Amino acid sequence: MSDAEWAVVHDTMPVHGWLEGRGGQPESYCPRQMVDAVRYLVAGGITWRAMPADFPAWDRVYAFFRRWWDKGLTVEFPDRSRGRVRQAAGRDVEPTAGIIDAQSVKAAASVPAATKGFDGGKKVNGRKRHIVVDILGLLLTVMVTAASVTDRDAGRTLLVRLRERHRRVMRVWADGGCTGRLVDLARDAWRIALTVVRRSDDTSGFTVLPKRWLVERMFAWLMHSRRLARDYETRTDTSEAVTKWAMSAVMSRRLARRAR
């Protein structure tokens with residue numbers, strides 16, 4: 001990270017308890033080095049043991065990565081960055097609308113068979129990332145499943161996560177995979193108006209669909225991180241954490257450019 005970007009990241013990092021007199025032990029390593037190391041792994045697609053010698057030992061970086069996820073800091077960190085990006089764009093910190101979609105990616109040999117499957121529509125054997133983004137295309141929540149899980153089935157759990165974290169979201173746009181009972185369930189259980197955006201029957205070839213292009217752009221942003229080009233993680237929650245780290249890098253770079 002550049003100094004300008006680190007200034008942005010430092011302002012959005014969670015405050016450790018020992019700094020507020022709530023006990024705990026100070027970090028043994030520089031936070032900037034740790035954040036840089038995790039982002040290097042996500043962007044470069046390297047293995048943990050291939051961490052360059054310029055960073056702390058790989059097991060210490062992994063312990064930092066795991067500790068942040070277990071304590072919920074990996075979710076809190078990008079949420080703070082997203083709030084600042086939204087404010088800079090003249091919007092409220094909390095979103096009121098979102099777009100839902102899924103992306104199937106191949107799984108590495110290290111992925112257990114129990115957490116991967118075959119997506120017959122995309123002809124992909126691996127996992128599927130189900131995400132919700134706001135109206136600016138910024139990640140709100142993510143859930144990783146086997147690629148065989150349909151968008152409709154995963155959408156129930158994903159909308160529950162969305163409602164728990166972002167209570168002001170009242171409208172969500174989706175593709176044809178979320179039709180049927182999920183629309184009624186979203187309205188009755190969570191008071192979310194789920195609107196399906198369909199392609200016109202007489203349309204051929206590629207066409208930009210209203211609202212849906214925002215989530216497709218989000219997938220393009222994620223593909224810049226080589227760790228996400230294929231799912232390498234043994235656990236699905238680790239895959240979700242890597243996605244959060246990739247999105248936090250996108251937002252911190254945007255904020256750093258605005259600060260120039």
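Q: Which residues lie nearest the centre of the second largest pocket?
A: Let's start with a look at this predicted model. Its second largest pocket has a volume of about 230 Å³, and 13 residues line the pocket. Those nearest the centre of the pocket are Trp48, Arg227, Tyr232, Glu233 and Thr234.

Q: How many charged residues are in the lining of the second largest pocket?
A: Sort the lining by class. The nonpolar residues number four and the polar ones five. That leaves the charged class, and the count there is four.

Q: What is the volume of the largest cavity?
A: A general idea helps here: rolling a probe the size of a water molecule over the atoms shows where empty space is left. In this model, one cavity of 30 Å³ or more turns up. The volume of the largest cavity is about 50 Å³.

Q: Which helix gives the largest share of the lining of the largest cavity?
A: The lining includes Ile100, Ala102, His130, Asp151, Ala154 and Leu158. Two elements, strand 1 (97–106) and helix 5 (151–165), each supply at least two lining residues. With four residues, the largest share comes from helix 5.

Q: How many residues lining the largest cavity are charged?
A: The lining is a mixture of classes. Five of its residues are nonpolar and two are polar. The charged residues in this lining number three.

Q: Which helix gives the most residues to the largest nonpolar core?
A: In soluble globular proteins, nonpolar side chains tend to be buried together. Here the largest nonpolar core has 50 residues, and Met51, Ile131, Met218, Trp245 and Met247 touch the most other members. Nine residues of this core come from one element, spanning residues 236–259, and that element is helix 8.

Q: How many residues does the other core, the one with Ile100 and Val169, have?
A: In the largest core, Ile131 is one of the residues that touch the most other members. Among the residues Ile131 touches, beyond those up to four places away in sequence, are Ile99, Leu139, Val215 and Phe219. Another core lies apart from the largest one; Ile100, Met143, Ala154 and Val169 are among its members, and its residue count is 17.

Q: Is Leu194 buried or exposed?
A: Leu194 sits in strand 6 (residues 193–196). Leaving aside neighbours within four places in sequence, Leu194 contacts Val172, Ala174, Cys178, Leu182, Val183 and Ala186. The relative accessibility of Leu194 is 8%. Because the cut-off is under 20%, Leu194 counts as buried.

Q: How far apart in space are Leu194 and Ile100, C-alpha to C-alpha?
A: Begin with the sequence, where Leu194 and Ile100 are 94 residues apart. Then turn to space and go from C-alpha to C-alpha: the distance is 9.5 Å.

Q: What separates Arg80 and Glu76 in helix 4?
A: The side chains of Arg80 and Glu76 meet in a salt bridge at 2.5 Å, N to O. Arg80 is partly exposed at 32% relative accessible area, and Glu76 is partly exposed at 24%. Because the two are four residues apart in helix 4 (residues 73–88), what separates them is about one helical turn.

Q: Are Arg127 and Asp231 buried or exposed?
A: Arg127 and Asp231 form a salt bridge through their side chains, at 3.0 Å from N to O. This pair links distant parts of the chain, 104 residues apart: Arg127 is in strand 3 (residues 124–133), while Asp231 is in the loop between helix 7 (212–222) and helix 8. As for accessibility, both are buried.

Q: Which residues are linked in a network of salt bridges?
A: The count of salt bridges in the model comes to 18. One of them joins Arg187 and Asp188 at 3.3 Å, N to O. Elsewhere, salt bridges form a network, and the residues linked there are Arg66, Asp70, Arg235 and Asp237.

Q: What is the phi of Lys123?
A: Most residues other than glycine have a negative phi, and most peptide bonds are trans. Lys123, in the loop between strand 2 (117–119) and strand 3, is exposed, with a relative accessible area of 59%. Although Lys123 is not a glycine, its phi is positive, at about 60°.

Q: Where is Arg191?
A: Arg191 is a residue other than glycine with a positive phi, near 55°. Its relative accessible area is 67%, so Arg191 counts as exposed. As for its place, Arg191 is in the loop between helix 6 (181–190) and strand 6.

Conventions:
Residues numbered from 1 in each chain as written. Predicted model: local features only at pLDDT ≥ 70, side-chain atom pairs only at ≥ 80, totals over all residues. Heavy atoms only, no water. 1 Å grid on protein atoms, 1.4 Å probe; cavity = no way out; pocket = protein on both sides within 12 Å on 5 of 7 lines; lining within 4 Å. Points joined across faces, edges and corners; volume = space filled by probe spheres on them. Nonpolar A, V, L, I, M, F, W, Y, C, P; charged D, E, K, R; others polar. Core = buried A, V, L, I, M, F, W, Y, C linked by side-chain atoms within 4.5 Å. Buried < 20%, exposed > 50% of the residue type's maximum accessible area, 1.4 Å probe, protein only. Contact = heavy atoms within 4.5 Å. Salt bridge = Lys/Arg side-chain N within 4 Å of Asp/Glu carboxyl O.
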